[in-house]
Amino acid sequence: MGRSVLVTGGNRGIGLAIARELAAAGDAVAVTYRSGEPPEGLFGVRCDVTSMDDVEAAFDKVEAEHGPVEVLVSNAGITKDTLLATMKEDAFTDVIDANLTGAYRVAKRAIRPMMKLRRGRVIFISSVIGLTGQAGQTNYAASKAGLIGFARSMAREYGSRNITANVVLPGFVATDMTADLDQEAIVANIPLGRQATPEEVARVVRFLAGDDASYITGAVIPVDGGLGMGH
Ligand code: NDP
């Protein structure tokens, strides 16, 4: 059996593409899903990352099925867009809770077994918006920027245990999350002149999770068609 991998929010969109990419590379991949059914051919565990109890139970099930998680991809995320002047407090705290505190919950649960194994890969799916900012997304940008400081602190805490922590910054990816946005206006600002496919993000995650990335930690890697120009 391949490495035990867990992808949060792996039932659709970017998370599902990552899960399929790693499964195709030979890993034993589990995904979390919140509602509905897990995707065909992947081991699914029900989990809402806003609940530590859910996270604990999900890891318990994955460990029983595939062994301790060696590769964690923290991908689950939401948006609740509105301008700051009209943003209610729960729109801010809900996004932080799912995107940033959710990442804390899964990383926290994953770290001790990784320390015991003396190896591990943690990959956070942030966003180019975390660095550039975006009108209407103070909550989302803050949550995504927070992941960078979090990952870099983890990289420093656990590097000596052969555990890496890296961040991927997708730009504009064709998923449910972006389906209602003004595609034309956004694409006009992308040097490559198009949206990314979820698979283009997934391949970078596969690289970070693999042997070729053994000396990369604390890195922030844009996959954005030039949208953020290295920021
Ligand atoms: P989707 O909306 O297509 O999928 C989001 C996934 O996250 C779903 O699987 C969803 O589960 C899951 N999820 C959301 N909240 C929770 C929660 N509280 N607990 C568990 N799972 C949860 O989004 P994308 O695939 O587009 O996005 C994936 C990640 O990539 C997100 O973190 C997003 O911020 C980031 N990203 C996306 C970009 C894009 O252009 N699409 C650009 C930059 C970053 P469920 O099906 O149950 O709702």
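**The ligand shell and the parallel sheet of a predicted model**

In this predicted model, the residues of the shell around the ligand divide into twelve that are nonpolar, 14 that are polar and four that are charged. Of the 30 residues that surround the ligand, the ones that come nearest are Gly9, Gly13, Arg34, Gly77 and Thr175. Two or more residues are given to this shell by each of the elements α1 (13-24), β2 (28-33) and α3 (89-117), and the largest contribution is that of α1, which gives three residues.

As to the confidence of the prediction, the protein chain has an average pLDDT of 97, and 100% of the residues score at least 70. The scores for the model are an ipTM of 0.99 and a pTM of 0.98. In general, predicted coordinates should not be read in detail where pLDDT is low.

The strands are described next. Seven strands form an open sheet with parallel pairing, and their order across the sheet is β3-β2-β1-β4-β5-β6-β7. The edges of the sheet are taken by β3 (43-46) and β7 (220-223), and because each of these two strands has a single partner strand, one side of each is left without a neighbour in the sheet. Neighbouring strands of this sheet are turned against each other by 20° on average, when direction is ignored. Strands of a sheet pair, as a general matter, through backbone hydrogen bonds, and the pairing may be either parallel or antiparallel. One example of the parallel sense is found between strand β1 (residues 4-7) and β2, which pair over four bridges, and Leu6 stands opposite Ala30 in β2. Strand β2 thus appears both in the sheet, where β1 is a partner, and among the elements that give two or more residues to the shell around the ligand.

A feature named "domain: Ketoreductase" is placed at residues 3-175 by UniProt, in an unreviewed entry. Over residues 3-175 the chain is 47% helix and 18% strand, and the C-alpha atoms at the two ends are 27 Å apart.

Helix α3, which is one of the elements that give two or more residues to the ligand shell, also contains Thr101. Thr101 has 15 other C-beta atoms within 10 Å and is therefore partly exposed, since a buried residue would have 20 or more such atoms and an exposed residue 12 or fewer. Although Thr101 and Leu147 are 46 residues apart in sequence, the distance between them in space is 9.3 Å, taken from C-alpha to C-alpha.

Note on methods:
Residues are numbered from 1 along each chain as its sequence is written. This is a predicted model: local features need pLDDT of at least 70, side-chain atom pairs count only at pLDDT 80 or more; totals for chains, interfaces and linings use all residues. A residue is near a molecule or strand if its C-beta atom, placed from the backbone, lies within 6 Å of it. Ala, Val, Leu, Ile, Met, Phe, Trp, Tyr, Cys and Pro count as nonpolar, Asp, Glu, Lys and Arg as charged, and the others, Gly among them, as polar. UniProt positions are given in the numbering used here, feature names are shortened, and annotations may be inferred rather than shown by experiment. Two strands pair if DSSP finds at least two bridges between them. Axes are lines fitted to C-alpha atoms, for helices over the stretch in contact, and angles run from 0 to 180 degrees between N-to-C directions. pLDDT is the predictor's confidence in each residue, from 0 to 100. A residue is buried if 20 or more other C-beta atoms lie within 10 Å of its own, exposed if 12 or fewer, and partly exposed in between; C-beta atoms are placed from the backbone.
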